[in-house]
Amino acid sequence: MALNIPSVSRDDISFGPAVMYLGAAGATPTVDVGAISEDGVSIEIATEQRGIMQGNPRIIEMSFNQQQSATVKVTSIQWNYANLQYVLGGAVSTTATWEKFDFGGDPCPSEVAIKIVHQMCSGDTINVHVWRAMGEGNLSIPFGQDEHSFELSFKAMRATTSWAGATLSADAQLLQIYRQLA
């Protein structure tokens, strides 16, 4: 007989990739980034705290959040110049016979909106909304034996309204993660 088994809800277990949509800030993004690597999409949320110490010896009495950030990363394996432009700035131009990405000297990279959608086995859907973000400005393209990959990294920026124009509360201005129940 197994010991120390926690209560488990099958409906709360999730695995597998998600689809990431990317578009101009201010509107719900509807164009997905295309094929991605097996690593999928990652969301890193960080909080830096300041501890208030009291007594002798000093012990922590309370903590305050002093800095918060969120980063979204995805490794694309599809040549998509619009994605490069979103993460780096620059310009994309196309004709009937070629597509070109030009980079260098753009002081104002684009602000983007990011939407991540993940379907769960339960039928529920996990949705992540990053209202406003900016590419972190780094990209490495390895021309190796494996499929070419493009790590796209975006830092969430403070937004005061959702894509629908609703005012965001002071504690909801970087991102929103919600689960739509089936």
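This report covers one helix, the strands around strand S7, two nonpolar cores and the aromatic pairs of a predicted model.

**Helix H1**

Helix H1 spans residues 81–88. Its buried residues are Tyr81, Asn83, Leu84, Val87 and Leu88. Viewed down the axis of H1, these buried residues fall within an arc of 155°, so they line one face of the helix. The background is simple: an α-helix has 3.6 residues a turn, so residues three or four places apart point the same way.

What do the buried residues of H1 pack against? The partners are six strands: S1 (19–24), S3 (59–76), S4 (91–94), S5 (99–102), S7 (125–135) and S8 (150–156).

Both ends of H1 have local detail. At the start, a side-chain oxygen of asparagine 80 comes within 3.0 Å of the backbone nitrogen of alanine 82. Just after the helix, glycine 89 has a positive phi of about 90°.

**Strand S7 and its partners**

S7 is mostly covered, with eight of its eleven residues buried. S7 pairs with S6, with S9 and with S8. The table lists the three pairings, each with one facing pair of residues.

| Strands | Sense | Bridges | Facing residues |
|---|---|---|---|
| S6 and S7 | antiparallel | eight bridges | valine 117 and asparagine 127 |
| S7 and S9 | antiparallel | five bridges | histidine 129 and glutamine 176 |
| S7 and S8 | antiparallel | three bridges | alanine 133 and alanine 156 |

S6 and S7 also form a hairpin, with five residues between the strands. In the turn, glycine 123 has a positive phi of about 100°.

Aspartate 124 sits in the loop between S6 (111–119) and S7. Is aspartate 124 buried or exposed? Its relative accessible area is 8%, and the limit for buried is under 20%, so aspartate 124 counts as buried. The side chain of aspartate 124 reaches the backbone nitrogen of alanine 182 at 2.8 Å. Beyond its neighbours within four places in sequence, aspartate 124 contacts His118, Gln119, Arg179, Gln180, Leu181 and Ala182.

Asparagine 127 lies in S7 itself. It has 6% relative accessibility, so asparagine 127 is buried too. A polar atom of its side chain lies 3.5 Å from the backbone oxygen of threonine 125. Not counting residues up to four places away in sequence, asparagine 127 touches Ile116, Val117, Gln176, Ile177, Tyr178 and Gln180.

**Nonpolar cores**

The largest nonpolar core has 23 residues. Which residues have the most contacts inside this core? They are Met20, Leu22, Ile114, Ile116, Val130 and Phe154. S1, S3, H1, S6, S7 and S8 each supply at least two residues of this core.

Isoleucine 116 shows the contacts of one such residue. Leaving out neighbours within four places in sequence, isoleucine 116 is in contact with Ala18, Val19, Met20, Val41, Ile43, Val72, Ile126, Asn127 and Val128.

A second core is separate and has five residues. Among them are Ala113, Ala159, Trp163 and Leu168.

**Aromatic pairs**

The structure holds six aromatic pairs. Tyrosine 81 and phenylalanine 101 form one of them: their ring centres are 6.5 Å apart and their planes are at 20°, so the pair is stacked. Tyrosine 81 belongs to H1 and phenylalanine 101 to S5, so the pair ties together parts that are 20 residues apart in sequence. Tyrosine 81 is buried, at 18% relative accessible area.

Tryptophan 131 and tryptophan 163 form an edge-to-face pair, 4.9 Å centre to centre with 70° between the planes. Tryptophan 131 is in S7 and tryptophan 163 is in the loop between S8 and S9, so this pair ties together parts 32 residues apart in sequence. Both tryptophans, 131 and 163, are buried. Tryptophan 163 is also one of the residues of the second core.

Ring pairs also build a cluster. It links Trp79, Tyr81, Phe101, Phe103, Phe143 and Phe150. Tyr81 thus appears both in this cluster and among the buried residues of H1.

Terms used: Residues are numbered from 1 along each chain as its sequence is written. This is a predicted model: local features need pLDDT of at least 70, side-chain atom pairs count only at pLDDT 80 or more; totals for chains, interfaces and linings use all residues. Side-chain values use heavy atoms; hydrogens and water are left out. Buried means under 20% relative accessible area, exposed over 50%, partly exposed in between (1.4 Å probe, protein chains only). Helices (H or I, at least four residues) and strands (E, at least two) are DSSP runs, numbered from the N terminus. The arc is that of the directions from the helix axis to the C-beta atoms. Contact means heavy atoms within 4.5 Å. A polar contact is a pair of N or O atoms within 3.5 Å; within protein, one must be able to donate a hydrogen and the other to accept it, and residues adjacent in sequence count only if both atoms are side-chain atoms. Two strands pair if DSSP finds at least two bridges between them. A nonpolar core is a set of buried Ala, Val, Leu, Ile, Met, Phe, Trp, Tyr and Cys residues joined through side-chain atoms within 4.5 Å. Rings of Phe, Tyr and Trp (its six-membered ring) pair if their centres lie within 6.5 Å; planes under 30 degrees apart count as stacked, over 60 as edge-to-face and the rest as tilted.
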